[in-house]
Amino acid sequence: MNKLFDRGQVEQHNAALSADINADFEALGGMLARRGQDIEKLTALAQTFAVALPSWGVGTGGTRFARFPGKGEPRNVFEKLDDCAVIHRLTGVTPAVSLHFPWDKPTDANELREYAAKLGLGFDSVNSNTFQDQAGQAHTYKYGSLTAQDAAARAQAVAHNIECIEIGKALGSKGLTVWVGDGSNFPGQQNLRGALERYLDSMRGIYAALPEDWLMYIEHKLFEPAFYATTIADWGTSFACATELGPKAKCLVDLGHHAPNTNIEMIVARLAQFGKLGGFHFNDSKYGDDDLDSGSINPFQLFLIFNELADASGRDAAFKPSYMLDQSHNVTDPIESLMNSAVEVQRAFVQSALVDRATLAHYQGQNDALQAAQALKHAFRTDVSPILAMARLRSGAAADPVACYRASGYRMAQAELRPARAGASSSGIV
Ligand SMILES: [Mn+2]
């Protein structure tokens with residue numbers, strides 16, 4: 001458990017850094033005031049930010065070639081929640097966890113819900129898994145799940161999603177994220193239209209089981225594991241299916257699920273315009289679905305996405321897509337990567353609030369492309385770290401989450417408490 005952080009360690013850590021943070025905060029506040037911006041408002045805004053954690057992210061991910069697990073990795077869903085609680089304790093921005101079934105399937109949902117509540121955690125949307133076969137499963141997903149030719153395999157996949165909803169209801173979740181790897185590896189292998197018709201038919205069965213106050217998130221992905229044609233490959237297909245299914249179906253944008261150089265911020269603008277932007281899986285990529293840490297490769301893209309979200313929020317105060325991290329940590333301590341990534345996404349959120357929208361609109365109206373671009377760059381270049389640190393201090397989190405975590409010895413303590421067990425940890429990337 002995270003008792004380590006209940007012994008005044010965070011307070012001691014913060015006390016040692018608070019003078020420096022106050023000085024940096026004051027200096028930045030003065031600079032922002034000259035631009036007509038209020039650092040107190042920005043800090044209060046930073047404190048409203050939240051991003052959910054993926055339960056599968058607290059274990060080492062790995063690639064299709066190998067996995068090199070670290071010490072003290074969580075071996076079950078309770079230990080995953082323990083690690084998530086540490087991340088929230090130190091960053092103050094990750095109050096909810098997204099579970100993946102059957103990996104995280106509880107024997108007693110109420111027990112799990114109470115356990116999470118004691119840690120100060122809630123549950124974000126739940127995720128189904130029909131991209132691999134489970135032990136003892138009657139029908140294989142080798143040739144697809146929701147789109148399978150075999151009606152029994154499709155029915156099994158629908159039933160699994162409905163079971164996910166039932167578990168999610170017991171946990172207090174309000175959404176189901178559906179990603180399927182269905183598709184084909186050869187031209188001609190599948191009738192492309194027929195596969196999507198079967199998908200929609202299956203999804204209608206799942207949609208019918210959604211509670212009134214739930215949303216269904218449709219996650220698209222360009223390719224992999226299907227390397228010729230993926231059934232839900234792009235935002236257009238996702239949008240068409242969400243529209244076909246009804247108002248409770250929305251599109252989920254996983255940043256890594258696009259071709260390199262795709263203008264993801266424009267996809268965000270389109271989906272927001274037509275009321276179908278449900279949420280995000282944040283990560284970063286260089287080549288494909290790399291699942292690298294958020295903001296590690298292209299922080300400007302992350303900023304531009306949040307710039308579109310700020311624009312959408314300005315048009316509709318009720319606009320509130322859900323935010324979640326979805327990353328694979330292969331060479332870092334997953335807790336450190338998730339803390340850092342949560343802060344990087346929060347950083348882009350705060351930077352987007354620095355954009356002077358009236359000035360930007362003015363330059364756009366004048367067709368002054370250079371100054372319009374500079375209006376964005378001006379916000380992006382501003383180092384808002386003192387705002388983020390102050391927000392953490394005021395929220396009771398750690399001024400420097402990674403430094404506080406390292407000083408605590410949490411990982412070494414877990415290595416003692418959690419001896420590795422073969423096959424005990426499920427970890428995957430979607
Ligand atoms: Mn994802």
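**Exercise 1. A β-α-β unit**

Task: In this predicted model, which elements make a β-α-β unit with β4 and β5, and what is its hand?

Solution. Start with the two strands: β4 covers residues 126-127 and β5 covers residues 175-178. Two bridges join β4 to β5, and the two strands run parallel. Within this pairing, V126 stands opposite L176 of β5. Next, take the helix of the unit, which is α5 (residues 151-171). Together, β4, α5 and β5 form a β-α-β unit that is right-handed.

**Exercise 2. The other partner and the two faces of β5**

Task: How many bridges pair β5 with β7, and which residues of β5 point one way and which the other?

Solution. Strand β7 takes in residues 215-219, and four bridges pair it with β5 in the parallel sense. One residue to look at is G175, whose bridge partner in β7 is L215. For the directions, recall that side chains in a regular strand alternate between the two faces of the sheet. In β5, G175 and T177 point one way, while L176 and V178 point the other way. These four residues are all buried.

**Exercise 3. A three-stranded sheet**

Task: What is the strand order in the open sheet of three strands, and which are its edge strands?

Solution. The order is β1-β2-β3, and the pairing is parallel. The edge strands are β1 (53-54) and β3 (122-123), each of which pairs on one side only. Strand β2 consists of residues 96-98 and pairs with β3 over two bridges. Across that pairing, A96 stands opposite G122 of β3.

**Exercise 4. The nonpolar cores**

Task: Which helix gives the most to the largest nonpolar core, and what does I387 contact beyond its neighbours within four places in sequence?

Solution. In general, nonpolar side chains tend to be buried together in soluble globular proteins. The largest nonpolar core here has 94 residues, and those touching the most other members are V51, I87, V97, I218, C251, A342 and I387. Helix α10 (residues 334-353) gives the most to this core, contributing nine residues. Another core, of five residues, lies apart from it and has L354, L360, A375 and L376 among its members. Turning to I387, and setting aside neighbours within four places in sequence, its contacts are L28, I39, L42, T43, A46 and V350.

**Exercise 5. F306**

Task: Is F306 buried or exposed, and which residues does F306 contact beyond four places in sequence?

Solution. Locate F306 in helix α9, residues 299-315. F306 has 25 C-beta neighbours inside 10 Å; the cut-off for a buried residue is 20 or more, so F306 counts as buried. Beyond four places in sequence, F306 is in contact with A348, F349, Q351 and S352. For Q351, the C-alpha to C-alpha distance from F306 is 8.3 Å, although the two are 45 residues apart in sequence.

**Exercise 6. The whole chain**

Task: How does the radius of gyration of the protein agree with that of a compact globule, and what share of the residues counts as buried?

Solution. For 430 residues, a compact globule would have a radius of gyration near 22 Å, and the protein has 22 Å, so the two agree. The C-alpha trace spans about 65 × 60 × 40 Å along its principal axes. Of the 430 residues, 45% count as buried. Secondary structure comes to 15 helices and eleven strands. Finally, an unreviewed UniProt entry annotates residues 101-291 as "domain: Xylose isomerase-like TIM barrel". Over those residues the chain is 36% helix and 15% strand, with the end C-alpha atoms 20 Å apart.

How values were computed:
Residues are numbered from 1 along each chain as its sequence is written. This is a predicted model: local features need pLDDT of at least 70, side-chain atom pairs count only at pLDDT 80 or more; totals for chains, interfaces and linings use all residues. The radius of gyration is taken over C-alpha atoms; the globule rule is 2.2 Å times the number of residues to the power 0.38. A residue is buried if 20 or more other C-beta atoms lie within 10 Å of its own, exposed if 12 or fewer, and partly exposed in between; C-beta atoms are placed from the backbone. Two strands pair if DSSP finds at least two bridges between them. UniProt positions are given in the numbering used here, feature names are shortened, and annotations may be inferred rather than shown by experiment. A nonpolar core is a set of buried Ala, Val, Leu, Ile, Met, Phe, Trp, Tyr and Cys residues joined through C-beta atoms within 7 Å. Two residues are in contact if their C-beta atoms, placed from the backbone, lie within 7 Å. A crossover is right-handed if, with the strands pointing away from the viewer, the path from the first strand over the helix to the second runs clockwise.
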